[in-house]
Amino acid sequence: MRILFLEDDPQYVHGLPDGFRELGCDVMVQASVNKEELKLIYHLFKPDVIFTCGWGKLHSKENLKLIGNFTEDHRLTHCYWATEDPRWTEEWSLPFVEMAKPTHIFTIDPDSVDMYRQKGFISAYLPWACNPQYHQPVAPKEEYRCDIAVVATAGITWSGFRKKAVNILMKPLVKNGYNIKVWGKRWDEQHECVLGFTVPSKYLQGKLPYEETNAVYSSAKIVLGIQNRVDELNSRTFEIMGAGGFMLAPDTEGIRKYFTPDKHLAVSGSEQQTLEMVDYYLKHAGKRQKIAYQGRQLVIDKHTYRDRAATILNVLGGK
């Protein structure tokens with residue numbers, strides 16, 4: 001199968017394309033969208049499937065309409081991976097679908113599958129994963145060394161579980177002056193009245209290039225795995241563990257569905273428990289390393305983009 005992957009975000013480019021390649025697909029990644037380029041690609045590459053993901057800077061209304069028209073004109077299968085569900089389904093996923101006209105919708109939210117099917121789409125659940133070829137342990141870097149690392153974008157409205165997760169994991173460590181480094185956008189814009197606490201500027205490291213995330217996860221002793229929901233896992237969960245990082249996550253249904261606490265990662269259900277877990281694992285490097293190793297083995301055995309690509313191909317085979 002020949003798959004044209006329309007994406008410029010490295011998080012996606014270093015994920016599913018390699019999974020498809022491992023399964024023998026011929027994959028072309030195109031980082032820009034314009035009519036003449038698509039016309040040339042169609043005649044030279046002759047794709048069977050177009051694949052798009054999420055909502056990013058590539059997805060202007062003009063580009064989405066161009067993709068939709070291109071798909072219809074050439075009667076191509078167009079798979080869309082809706083990675084912003086369910087928090088941004090109304091604002092992002094549905095407008096994307098309306099303009100880009102996919103034939104198949106894969107979503108990280110199992111509860112959204114029926115919604116898409118009721119709208120007439122072929123739809124299936126597709127969670128995040130890791131790419132062992134990319135998400136792997138690397139040599140630690142001095143500038144990233146710390147006891148506790150956070151790689152996350154600060155919320156806009158802080159609705160839902162994400163605010164609670166940040167308060168369980170980050171708040172007690174910030175309040176007690178632990179050695180933390182925080183990478184990501186908007187942390188310098190947060191107000192205590194909204195978030196519940198402030199993150200002092202001394203902890204803030206600014207935006208981190210995606211290509212450097214493995215180095216952070218390999219350099220920090222503990223990485224906080226902030227979650228958006230209680231029943232699902234975000235992309236960094238698999239990426240941290242794939243890179244061999246020791247993760248402390250909120251104690252949720254989603255975490256326990258995939259992993260065993262104190263075997264694959266550590267969990268906390270309260271601010272006090274966070275302090276206890278951090279103090280314990282900072283003192284026990286051997287246990288940290290063993291758990292991080294076991295966590296990595298689990299995700300590279302069961303949760304890779306090769307596995308997710310196989311799910312997609314099975315759905316396409318049954319269209």
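Analyst: Let's start with the rule for rings: those of Phe, Tyr and Trp (its six-membered ring) pair if their centres lie within 6.5 Å. This is a predicted model, and Tyr12, Trp81, Trp128 and Tyr305 form one aromatic cluster in it.

User: How many aromatic pairs are there in the structure?

Analyst: The structure has 18 of them.

User: What makes Trp81 and Tyr305 an aromatic pair, and what kind is it?

Analyst: Their ring centres are 6.3 Å apart, and the limit is 6.5 Å, so they pair. The planes meet at 80 degrees; anything over 60 counts as edge-to-face, so that's the label here.

User: Why say that this pair links distant parts of the chain?

Analyst: Trp81 sits in strand S4 (residues 77-82) and Tyr305 in helix H15, with their positions 224 residues apart in sequence. Trp81 and Tyr305 are both buried, too.

User: And why is the pair of Tyr258 and Phe259 called stacked, tilted or edge-to-face?

Analyst: The centres are 6.1 Å apart, with the planes at 40 degrees. Stacked needs under 30 degrees and edge-to-face over 60, so this pair is tilted. Both of these residues are buried as well.

User: What does Phe259 touch, leaving out residues up to four places away in sequence?

Analyst: Among others, Phe259 touches Leu233, Phe238, Met241, His264 and Leu298.

User: Which residues have the most contacts inside the largest nonpolar core?

Analyst: Phe259 is one of them, along with Leu16, Phe20, Phe51 and Trp81, in a core of 48 residues. Helix H15 (residues 305-317) gives the most to this core, with four residues. There's also a second, separate core of 33 residues, which includes Val166, Leu173, Trp187 and Leu275.

User: How do you know where the charge of Arg2 lies?

Analyst: Arg2 lies over the face of Phe45, at 4.5 Å from the ring centre. The distance limit is 6 Å, so that part of the test is met. Arg308 lies over the face of Phe238, at 5.9 Å from the ring centre, which is also within 6 Å.

User: Why is Gln30 called buried or exposed?

Analyst: Its relative accessible area is 12%. Buried means under 20%, so Gln30 is buried. Its place is in strand S2 (residues 26-30).

User: What is in contact with Gln30, neighbours within four places in sequence aside?

Analyst: Gln30 contacts Leu4, Phe5, Leu6, Glu7, Glu37 and Ile41.

User: What makes helix H7 (residues 161-169) mostly covered?

Analyst: Seven of its nine residues are buried, including Phe161, Arg162, Val166 and Asn167. The buried residues of H7 pack against several elements, among them helix H8 (171-175), strand S10 (220-224) and helix H13 (271-283).

User: How do you know whether the radius of gyration of the protein chain agrees with that of a compact globule?

Analyst: For 319 residues, the rule puts a compact globule near 20 Å; the chain has 20 Å, so the two agree. Along its principal axes, the C-alpha trace spans about 60 × 40 × 35 Å.

User: How many helices and strands are in the protein chain, and what share of the residues is buried?

Analyst: The chain holds 15 helices and twelve strands, and buried residues make up 55% of the 319 residues. Among contacts between residues at least 6 apart in sequence, 71% join residues at least 24 apart. The accessible surface comes to about 14,200 Å², with 48% of that belonging to carbon and sulfur atoms.

Conventions
Residues are numbered from 1 along each chain as its sequence is written. This is a predicted model: local features need pLDDT of at least 70, side-chain atom pairs count only at pLDDT 80 or more; totals for chains, interfaces and linings use all residues. Side-chain values use heavy atoms; hydrogens and water are left out. A nonpolar core is a set of buried Ala, Val, Leu, Ile, Met, Phe, Trp, Tyr and Cys residues joined through side-chain atoms within 4.5 Å. Buried means under 20% relative accessible area, exposed over 50%, partly exposed in between (1.4 Å probe, protein chains only). Helices (H or I, at least four residues) and strands (E, at least two) are DSSP runs, numbered from the N terminus. Contact means heavy atoms within 4.5 Å. A charge sits over a ring if NZ of Lys or CZ of Arg is within 6 Å of the ring centre and within 35 degrees of the ring normal. The radius of gyration is taken over C-alpha atoms; the globule rule is 2.2 Å times the number of residues to the power 0.38. Accessible areas come from the Shrake-Rupley method with a 1.4 Å probe; for residues, only the protein chains shown count as cover.
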